[in-house]
Amino acid sequence: MQKTDSINVETTVNSGQVFLWNKIGEQWIGIDGQDIMILRQKPYNLKSSGNIDNFLRKDDDLEKILKNISIDSTVRGAIKQSPGLRLIRQDPFQCYISFVCSSNSSIQNIKSMLENLCRKFGIKKELGGYQLYTFPKVETLANATMKELLDCRLGFRAKYVKEAAKAVYSNKINFKDLRKSNYQEAVRSLKSILGIGNKIADCIALFSLDKLEAFPIDRWTQRILLKYYKDSFCDISEKPLTEKKYEKLHDDIVKYFGPYAGYSQQFLFKMERDLNKKSWL
DNA sequence: TCATCACCTGGAGA
DNA sequence: ATCTCCAGGTGAT
């Protein structure tokens with residue numbers, strides 16, 4: 001169990017894992033499923049209707065994990081740059097819908113789509129003097145009309161969100177089961193949903209299903225591999241990965257980075273986007 | 001199995 | 001102003 005002051009709230013919220021967060025003064029206020037959370041760095045005064053320790057994965061043995069992934073100077077540099085960065089254990093349904101919405105979009109636009117969904121389908125709750133809408137429940141989203149979803153500016157993702165929500169509602173996708181199953185099985189199951197490919201399945205597996213060997217390879221990660229790991233992994237280019245190449249590369253990555261590969265991805269992703277001055281929330 | 005291409009939308013840059 | 005291009009990808013052909 002790590003100390004709370006080893007976690008950097010600002011860095012962690014601004015690392016592309018979560019989208020429904022806003023900074024007000026010194027506090028970060030966000031939505032995780034049906035919970036509202038208020039985080040602040042100093043003093044470490046946290047308020048939530050949910051379990052913040054669980055959300056911030058305080059049960060992870062960071063010392064062990066960081067030691068395990070510190071296998072080259074690139075990762076060590078990335079960790080040194082954002083030592084307080086942590087993976088988050090999100091509400092699975094919110095994470096699943098969030099990353100279905102992420103396809104071919106920007107962080108700002110993803111955030112906007114999700115805020116629209118909450119406003120239209122969520123429940124207004126109050127915490128610490130703030131009122132905000134929770135994330136839509138499975139049933140609500142599964143029964144939403146296409147018009148309502150399109151009104152949330154989801155674009156071509158509207159039908160994916162609808163189908164994805166229906167799959168959970170009908171229990172075709174069961175997050176408790178996926179949490180128990182292994183990485184391969186969870187990804188295979190998620191990919192049976194329209195709109196979910198390898199990259200999005202990896203995000204859901206890593207950020208909400210405790211699959212720490214998931215290593216989402218997006219545009220940025222691919223650039224990172226090309227820039228720093230050209231010699232470690234064969235056949236890397238800037239061209240989009242085919243499904244087969246993604247899976248082969250992922251196998252090689254787990255062999256190289258180990259069982260906590262997902263943590264290394266998070267540090268590398270954060271480092272490279274900051275280096276390119278890309279904006280977060 | 002692989003290569004192309006289209007796809008909603010909003011913002012940035014020419 | 002208007003256009004083009006791109007953004008944490010994926011599905012159809």
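User: Which base atom of DNA strand C is 3.0 Å from an N or O atom in the side chain of Lys 199, and how should I read such a pair?

Analyst: In this predicted model, the atom 3.0 Å from an N or O atom in the side chain of Lys 199 is a base nitrogen of DNA strand C. A pair of N or O atoms counts as a polar contact when the two lie within 3.5 Å, and the pair can then be read by asking which part of the residue and which part of the DNA take part. Asp 218 also has a side-chain N or O atom paired with a base nitrogen of DNA strand C, here at 3.1 Å, whereas Gly 197 uses a backbone N or O atom, which lies 2.8 Å from a phosphate oxygen of that strand.

User: Which elements give two or more residues to the surface near DNA strand C?

Analyst: They are α12 (198-208), α13 (219-228) and α15 (261-275), and α12 gives the most, with 4 residues. There are 27 residues around DNA strand C, and those that come nearest are Gly 16, Gly 195, Gly 197, Cys 203 and Arg 219. Of the atoms of this strand that come within 4 Å of the protein, sugar and phosphate account for 60%. Sorted by class, the surface near DNA strand C has 11 nonpolar, 10 polar and 6 charged residues.

User: What does Asp 218 do at the N-terminal end of α13?

Analyst: A cap can be read from a side-chain atom placed by a backbone atom at the end of a helix, and here Asp 218 caps α13, with a side-chain oxygen 2.9 Å from the backbone nitrogen of Trp 220. Trp 220 is itself buried, as are Thr 221, Gln 222, Ile 224 and Leu 225 in α13, and what covers the buried residues of this helix includes α14 (243-257) and α15.

User: Which residues surround DNA strand B, and where do their polar side-chain atoms lie?

Analyst: DNA strand B is surrounded by Asn 104, Asn 109, Arg 153, Gly 155, Phe 156, Arg 157, Thr 242 and Lys 244. Sugar and phosphate make up 61% of the atoms of this strand that come within 4 Å of the protein. The side chains can again be read by the part of the DNA they meet: Arg 157 places an N or O atom 2.6 Å from a base oxygen, Asn 109 has a polar side-chain atom 3.4 Å from a base oxygen, and Arg 153 has one 3.1 Å from a phosphate oxygen. By class, the surface near DNA strand B divides into 1 nonpolar, 4 polar and 3 charged residues.

Definitions and conventions: Residues numbered from 1 in each chain as written. Chains lettered and ligands numbered in written order. Predicted model: local features only at pLDDT ≥ 70, side-chain atom pairs only at ≥ 80, totals over all residues. Heavy atoms only, no water. Near = heavy atom within 4 Å. Polar contact = N/O pair within 3.5 Å; in protein donor to acceptor, adjacent residues only side chain to side chain. Nonpolar A, V, L, I, M, F, W, Y, C, P; charged D, E, K, R; others polar. Buried < 20%, exposed > 50% of the residue type's maximum accessible area, 1.4 Å probe, protein only. Contact = heavy atoms within 4.5 Å.
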